[in-house]
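User: Please take a close look at the nonpolar interior of this model, and then at a few chosen residues beyond it. I am a first-year student, so please explain each term as you reach it.

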Amino acid sequence: MTALMVAAARAIETHRPDSLARDVYAEHFVRAARASAGWPVRPDEVPDGDANPLWGRLARYFGLRTRALDDFLVGCTHAGSTQVVLLAAGLDARAYRLDWPAGTVVHELDREGVLAFKHRVLNGIEAVPKAERKPIATDLREDWATDLVHAGFDPSAPTTWLVEGVLLYLPPDAERALFATIDRLSAPGSAVAYEAKLARELPDLRDDHLYASTLEQIGVDLLALFDGEPRPDSATDLANRGWSAHVHTPFDFTRHHGRGVHPVGNDPLAGNRWVFASKPVR
């Protein structure tokens with residue numbers, strides 16, 4: 001359901017006149033699933049337009065995040081790191097829509113059911129990937145690294161990693177183990193991007209209109225899904241492992257692009273951070 005929610009947000013963003021990111025496949029996922037078939041996929045289908053907390057503001061946030069991470073992936077691969085790993089790939093269609101350099105391999109890790117649904121929808125519209133795509137059915141709570149290597153991943157080659165929209169759901173120990181594994185599998189010249197949230201008490205957000213609207217409109221209680229324990233400082237952990245990490249707020253990218261989601265008072269998105277880290281070539 002959360003993957004479908006992000007897909008609907010990307011579809012809405014695609015059809016905005018001032019779109020930050022285009023994903024022509026997103027609406028096909030939304031329409032193909034019974035649970036989301038009635039959700040909006042265009043701005044003119046959104047009740048109250050941009051004033052709608054879910055399909056206005058949060059969707060705009062996901063559109064901005066998509067653009068920032070698209071730019072990261074394209075930049076890294078065109079700089080020479082053509083081995084890409086999307087952890088908890090969900091309904092990410094980047095293998096099909098981004099301008100990948102020749103020779104790029106995109107590994108997509110997620111649970112079997114998610115990948116099967118994705119495969120069915122994309123095959124149904126005869127979508128063709130722009131890179132070599134390797135879907136890998138696995139669970140991030142298990143030994144996903146072995147599954148990745150068995151699929152042809154090369155730990156000796158620089159890798160571009162993406163961990164989008166998943167860390168908030170993981171227990172702290174699982175997040176620490178995830179980054180320890182990324183570090184172990186990353187050759188010099190590798191890079192990773194991920195979304196984190198600064199520690200704050202989740203009950204403070206319980207009455208927030210953004211999360212309340214998500215529960216009311218699509219029946220998804222995001223706060224119940226988030227892990228409530230204090231979050232690890234994975235950026236510092238990566239720095240201690242020799243990585244160079246840069247932490248940004250989403251609003252940094254709003255200012256950069258001149259459009260996107262803007263801060264508001266008592267903002268539930270104020271604690272969100274987008275982290276970009278690289279492992280130097282020695």
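Analyst: What follows begins with the interior and then turns to single residues and their surroundings.

This is a predicted model, in which local features need pLDDT of at least 70 and side-chain atom pairs count only at pLDDT 80 or more, while totals for chains, interfaces and linings use all residues. Residues are numbered from 1 along each chain as its sequence is written, and side-chain values use heavy atoms, with hydrogens and water left out.

The largest nonpolar core has 61 residues, where a nonpolar core is a set of buried Ala, Val, Leu, Ile, Met, Phe, Trp, Tyr and Cys residues joined through side-chain atoms within 4.5 Å. Buried here means under 20% relative accessible area, exposed means over 50%, and partly exposed lies in between (1.4 Å probe, protein chains only). Within this core, the residues that touch the most other members are Met5, Phe29, Trp39, Trp55, Leu58 and Leu73. Helix α3 supplies the largest share of the core, twelve residues; helices (H or I, at least four residues) and strands (E, at least two) are DSSP runs, numbered from the N terminus. A second, separate core holds 26 residues, including Trp144, Ala145, Phe153 and Val166. In soluble globular proteins, nonpolar side chains tend to be buried together.

Phe29 shows what the surroundings of one core member look like: leaving out residues up to four places away in sequence, its contacts (heavy atoms within 4.5 Å) are Leu4, Ala7, Ser36, Leu91, Ala93, Phe117, Lys118, Val121 and Leu122.

Charged residues can be examined in the same way, beginning with Arg60, which sits in helix α3. Arg60 counts as buried because its relative accessible area is 7%. Beyond four places in sequence, Arg60 is in contact with Glu13, Arg16, Asp18, Leu20, Arg259, Gly260 and Val261. Of these contacts, Leu20 is 40 residues from Arg60 along the chain, and their C-alpha atoms are separated by 9.0 Å.

Asp183, a residue of helix α7 (residues 172–185), has a relative accessible area of 14% and therefore counts as buried too. Apart from neighbours within four places in sequence, Asp183 is in contact with Arg241, Trp243 and Lys279.

Arg42, by contrast, belongs to the loop between α2 (26–32) and α3, and it counts as partly exposed because its relative accessibility is 35%. Not counting residues up to four places away in sequence, Arg42 touches Ile12, His15 and Glu27. Arg42 and His15 are 27 residues apart in sequence, yet 5.8 Å apart from C-alpha to C-alpha. Their side chains are joined by a polar contact of 3.3 Å, the term standing for a pair of N or O atoms within 3.5 Å, where within protein one must be able to donate a hydrogen and the other to accept it, and residues adjacent in sequence count only if both atoms are side-chain atoms.

Two loop residues deserve a last look for their backbone angles. Most residues other than glycine have a negative phi. Glu126, which is not a glycine, has a positive phi of about 55° and lies in the loop between α5 and β3 (132–137); its relative accessible area is 70%, so it counts as exposed. Asn266, also not a glycine, has a positive phi of about 50° and is found in the loop between α11 (250–257) and β7 (272–278), where a relative accessible area of 65% means that Asn266 counts as exposed.
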